[in-house]
Amino acid sequence: MPGRGRCPDCGSTELVEDSHYSQSQLVCSDCGCVVTEGVLTTTFSDEGNLREVTYSRSTGENEQISRSQQRGLRRVRDLCRVLQLPPTFEDTAVAYYQQAYRHSGIRAARLQKKEVLVGCCVLITCRQHNWPLTMGAICTLLYADLDVFSSIYMQIVKLLGLDVPSLCLAELVKTYCSSFKLFQASPSVPAKYVEDKEKMLSRTLQLVELANETWLVTGRHPLPVITAATFLAWQSLQPADRLSCSLARFCKLANVDLPYPASSRLQELLAVLLRMAEQLAWLRVLRLDKQSVVKHIGDLLQHRHSLVRLAFRDGTAEVETRGKEPPAWGQGQREGEVGNNSLGLPQGKRPASPALLLPPCMLKPPKRICPAPPVSTVTGDENISDSEIEQYLRTPQEVRDFQRAQAARQAATSVPNPP
């Protein structure tokens, strides 16, 4: 067969293709010599010279995956299986990890950053598919620091140019509340503490929406807020039997961990409910406190939009308007006393302005300790070099004086000492 060369033994050109164990071979039909063995693919020049072509040269796949990348890909798949994510989520997370690993900054990073990168790819995938998963849950599984995780997460989102939607709070509430062990009687949960799942979930969603409208969720981890809202919803459905139960005992009955800031979020929610209760006439006369206001959560949530507006917005505008009223000069009173008397308050006292609807970090900013200024060790006796002196010269007169001083010093040092 022309174009295939000659047999190295007999010199015949009768070379035929034969298949032996699925491998393509060239065999001489005259003497039976196997000319080439294991050829996967060839080109015209290689066929003429009877040279084999390797698999990597034939396909161009000569890049090898490093052990570090292989380990990271295994960690991504293992994390997806632990979280019981769908197979499509696993493929997307693996693709994001491979894209991020192509960057030199990621390949040269430390092992801790690569481990956090695994969780970032999984979290980005879950956010894009509206899967309720928090950053704190990923950090708990990976034993990672939350600050380090958040910084790398933002870096990867910017590096890959991804569009990641924010976490859906309603879906997170449904998923988190479904893990509570309070929906059926058991030896550890008395019958009076068992609650209907749909009722509890509906009221919890309303309380979380209230917390979101009053800035209690902004910039904070959502699980402590959801825990406090679930506790209030559970108490308000049967307040007679559950007001004596504490938040810690509630979490123990529900078989969930008590987040550390949940107690603070509970007090903030109760303060908002008390402000709203002051706007209802039939609740204002009862003089409610943080324990008794739980009994009326259903009424407050029914009118929460108007009550929040009255408690935090209209009241503030009214106080500002009263402060700008002109004084009644004809009655011989000082400025500001007319508004106080019309409200039935004693003279010299102004009504307390209602709380502004602002985030808690602005109402109660944390105290920042200013670092002490560094102690200066300059005494003025330090030697100053000539080059440094030139930096301080500003006027031509100073330059001339400096040059004369330098010339005088050189003349004094050049005169020999007398014998």
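## The cavity

By class, the residues around the largest cavity come out as 5 nonpolar, 2 polar and 1 charged. Keep in mind that this is a predicted model. Searching the whole structure turns up 1 cavity of 30 Å³ or more, and about 30 Å³ of space lies in the largest cavity. As background, rolling a probe the size of a water molecule over the atoms shows where empty space is left.

Which residues line the largest cavity? The lining is made up of Cys126, Arg127, Asn130, Trp131, Pro132, Ser166, Leu167 and Cys168. Arg127 is on that list, and since Arg counts as charged, Arg127 is the 1 charged residue in the class tally.

## Asn130, a lining residue with positive phi

Asn130 is one of the residues lining the cavity, and asparagine 130 sits in the loop between α6 and α7. Its backbone deserves a look: phi of asparagine 130 is positive, about 55°, even though the residue is not a glycine. For context, most residues other than glycine have a negative phi. Asparagine 130 has a relative accessible area of 44%, so it goes down as partly exposed.

## Helix α7

Go a little further along the chain and you reach helix α7, which spans residues 135-142. Its buried residues are Met135, Gly136, Ile138, Cys139 and Leu142. Looking down the axis of α7, these buried residues fall within an arc of 160°, so they line one face of the helix. As for partners, the buried residues of α7 pack against α3 (67-82), α6 (111-128) and α8 (146-160).

Both ends of α7 have something to check in the viewer. At the start of α7, a side-chain oxygen of threonine 134 comes to within 3.2 Å of the backbone nitrogen of alanine 137. After the helix comes tyrosine 143, with a positive phi near 55°.

## The largest pocket

Now for the open space. The largest pocket has a volume of about 760 Å³, and 23 residues line it. Nearest its centre are Thr134, Gly136, Ala137, Tyr176 and Leu223. The elements giving two or more residues to this lining are α7, α9 (169-178) and α11 (222-237).

Which element gives the most to the lining of the largest pocket? That would be α7, with 4 residues. Thr134 and Ala137 deserve a second glance here: they lie among the residues nearest the pocket centre, and they are also the pair linked at the start of α7, side-chain oxygen to backbone nitrogen. By class, the pocket lining has 16 nonpolar, 6 polar and 1 charged residues.

## Helix α11: Thr227 and Ala228

Helix α11 gives residues to the pocket lining, and threonine 227 is found in this helix. Is threonine 227 buried or exposed? Its relative accessibility is 0%, so threonine 227 counts as buried. The side chain of threonine 227 makes a polar contact with the side chain of tyrosine 176, at 3.2 Å. Tyr176, in turn, is one of the residues nearest the centre of the largest pocket. Leaving aside neighbours within four places in sequence, threonine 227 is in contact with Tyr176, Leu247, Cys251, Pro259 and Ala262.

Alanine 228 is in helix α11 too, and at 0% relative accessibility alanine 228 counts as buried. Not counting residues up to four places away in sequence, alanine 228 touches Ala262, Arg265, Leu266 and Leu269. Ala262 also turns up in the contact list of threonine 227. Computed along the sequence, "alanine 228 to threonine 204" is 24 residues, and C-alpha to C-alpha the pair is 9.1 Å apart in space.

## Arg304, a buried arginine

Arginine 304 lies in helix α17, residues 304-323. With a relative accessible area of 10%, under the 20% cut-off, arginine 304 counts as buried. What does its side chain pair with? There is a polar contact with the side chain of glutamate 209, at 2.6 Å. Beyond the neighbours within four places in sequence, arginine 304 is in contact with Gln206, Glu209, Leu210, Glu213 and Met276.

## Another loop, and the whole chain

Asparagine 255 is in the loop between α13 (247-254) and α14 (262-277). Its phi is near 60°, a positive value in a residue other than glycine. The relative accessible area of asparagine 255 is 58%, so it counts as exposed.

Zooming out, the protein chain has 21 helices and 3 strands. Of its 419 residues, 34% count as buried. Among contacts between residues at least 6 apart in sequence, 58% join residues at least 24 apart.

Definitions and conventions. Residues are numbered from 1 along each chain as its sequence is written. This is a predicted model: local features need pLDDT of at least 70, side-chain atom pairs count only at pLDDT 80 or more; totals for chains, interfaces and linings use all residues. Side-chain values use heavy atoms; hydrogens and water are left out. On a 1 Å grid over the protein atoms alone, a cavity is a set of points where a 1.4 Å probe fits but cannot get out, and a pocket is an open set with protein on both sides within 12 Å along at least five of seven lines; lining residues have an atom within 4 Å of a point. Grid points are joined across faces, edges and corners, and a volume is the space filled by probe spheres set on the points. Buried means under 20% relative accessible area, exposed over 50%, partly exposed in between (1.4 Å probe, protein chains only). The arc is that of the directions from the helix axis to the C-beta atoms. Contact means heavy atoms within 4.5 Å. A polar contact is a pair of N or O atoms within 3.5 Å; within protein, one must be able to donate a hydrogen and the other to accept it, and residues adjacent in sequence count only if both atoms are side-chain atoms.
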